[in-house]
Amino acid sequence: MGYRMLKNEKAIVVFSGGQDSTTCLFWALENFKEVETVTFNYNQRHSLEIEVAKKIADELNVKNTVLDMSLLNQLAPSALTRDDIEIEEKDGEPPSTFVEGRNLLFLSFAAIYGKLAGARHIITGVCETDFSGYPDCRDAFVKSLNVTLNLSMDHQFVLHTPLMWLDKADTWKLADELGALDFVRNKTLTCYNGIIADGCGECPACVLRKRGLDAYLQEKNDRVEKG
Ligand code: ZN
């Protein structure tokens, strides 16, 4: 992947226990000598997310630190943080699961944590390909923040976004290449209704996840048949 030279360094993964950040965690374990995870508690709809993240980190023998971000819920109520807001997506606007400024805050806090923990590499699973209208998932935002973080802390951070240009099928492919397809499929939580693995099958997150997995498995199958 071109990151072999970083094998000696330490990295922090912004980790939610979902498909994307778990794939990023496997990617980090492949590319860095030492890896830690940080998980944010913003009173998300499913506190289960925090338990799942802890469990996965434990299983992979990786340190997990939960940082309290409950102020985000106070500032940016959304369907991810409030049970009384319906999950819906309307054309031309961010879905009701959007939490304003979330990645700006998460990456900034992860960087502060990272600097104090002796790491300059910060890894996040944000993705512009199917960014669902979330402005702080875009590549330009991440690059801009990288410069700002370096200036603000006088440190040479490198923000890594291994999923930035992948679609959901490619993300499954990356998990497979990292030897983690079954792990990611069976142990991660993406479902808005809080069901791990293949989830409820009906919420927008499950539909997206399944569509990607089906496309990838189909592609893999076609490849095998063609030999
Ligand atoms: Zn679901």
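Modeller: A crossing of two helices is left-handed if the near helix is turned anticlockwise from the far one by less than a right angle, and right-handed if it is turned clockwise. The model discussed here is predicted.

Biologist: What pattern does the protein follow along the sequence?

Modeller: The protein contains eight helices and five strands. Read from one end of the sequence to the other, these elements give the pattern β-α-β-α-β-α-α-β-α-β-α-α-α.

Biologist: In what order do the five strands form the sheet?

Modeller: The sheet is open and its pairing is parallel. Strand E3 (63-68) and strand E5 (158-160) are the edge strands, each pairing on one side only. From one strand to the next, the twist averages 25°. The order of the strands is E3-E2-E1-E4-E5.

Biologist: How many bridges pair E1 with strand E2 (residues 34-41)?

Modeller: On its other side, strand E1 (residues 10-14) runs parallel to strand E4 (residues 121-123) and is joined to it by three bridges; there, Ile-12 stands opposite Ile-122. Towards E2, Ala-11 has Val-35 as its bridge partner. E1 and E2 also pair in the parallel sense, and their bridges number five.

Biologist: How many residues of E1 are buried?

Modeller: One side of E1 carries Lys-10, Ile-12 and Val-14, and the other carries Ala-11 and Val-13. Both of these faces are covered. The count of buried residues in E1 is five of five.

Biologist: Is Phe-15 buried or exposed?

Modeller: Phe-15 is placed in the loop between E1 and H1. Its contacts beyond four places in sequence include Leu-25, Val-38, Ala-53, Ile-56 and Asn-64. Glu-36, 21 residues away along the chain, has its C-alpha atom 9.3 Å from that of Phe-15. Because its relative accessible area is 2%, under the 20% limit, Phe-15 is buried.

Biologist: Why is H6 described as largely enclosed by the rest of the structure?

Modeller: The buried residues of H6 are Lys-168, Ala-169, Thr-171, Trp-172, Leu-174, Ala-175 and Asp-176. Their cover includes H1, helix H7 (181-187) and helix H8 (204-226). H6 is largely enclosed because the buried share of its 10 residues is seven.

Biologist: At roughly what angle do the axes of helix H1 (residues 19-31) and helix H6 (residues 168-177) cross?

Modeller: From H1, the residues Gln-19, Asp-20, Thr-23 and Trp-27 meet Lys-168, Thr-171, Trp-172, Leu-174 and Ala-175 of H6. By class, this contact comprises four nonpolar, three polar and two charged residues. The crossing is left-handed. The two axes come within 10 Å, and the crossing angle is roughly 35°.

Biologist: Which hand does the crossing of H6 and H8 have?

Modeller: The axes of H6 and H8 come within 7 Å and cross at roughly 65°. The contact draws on Lys-168, Ala-169, Trp-172, Lys-173 and Asp-176 in H6, and in H8 on residues including Leu-208, Gly-212, Tyr-216, Glu-219 and Arg-223. Classed by type, it has six nonpolar, one polar and seven charged residues. The crossing of H6 and H8 is right-handed.

Biologist: Does Asn-61 count as buried or exposed?

Modeller: Asn-61 sits in the loop between helix H2 (48-59) and E3. Its phi is near 65°, a positive value in a residue other than glycine. Because its relative accessibility is 74%, over the 50% limit, Asn-61 counts as exposed.

Biologist: Near what value is the phi of Asp-154?

Modeller: Asp-154 belongs to the loop between helix H5 (139-153) and E5. With a relative accessible area of 71%, Asp-154 is exposed. Its phi is positive, although the residue is not glycine, and lies near 50°.

Biologist: What percentage of the 227 residues of the protein count as buried?

Modeller: The protein exposes about 11300 Å², of which carbon and sulfur atoms supply 51%. A residue is taken as buried when its relative accessible area is under 20%. Of the 227 residues, the buried portion is 48%.

Biologist: What percentage of contacts with a separation of 6 or more is due to residues 24 or more positions apart?

Modeller: Phe-15 offers an illustration, since its contacts include Asn-64. Across the protein, among contacts with a separation of 6 or more, the portion from residues 24 or more positions apart is 71%.

Notes
Residues are numbered from 1 along each chain as its sequence is written. This is a predicted model: local features need pLDDT of at least 70, side-chain atom pairs count only at pLDDT 80 or more; totals for chains, interfaces and linings use all residues. Side-chain values use heavy atoms; hydrogens and water are left out. Two strands pair if DSSP finds at least two bridges between them. Helices (H or I, at least four residues) and strands (E, at least two) are DSSP runs, numbered from the N terminus. Axes are lines fitted to C-alpha atoms, for helices over the stretch in contact, and angles run from 0 to 180 degrees between N-to-C directions. Contact means heavy atoms within 4.5 Å. Ala, Val, Leu, Ile, Met, Phe, Trp, Tyr, Cys and Pro count as nonpolar, Asp, Glu, Lys and Arg as charged, and the others, Gly among them, as polar. Buried means under 20% relative accessible area, exposed over 50%, partly exposed in between (1.4 Å probe, protein chains only). Accessible areas come from the Shrake-Rupley method with a 1.4 Å probe; for residues, only the protein chains shown count as cover.
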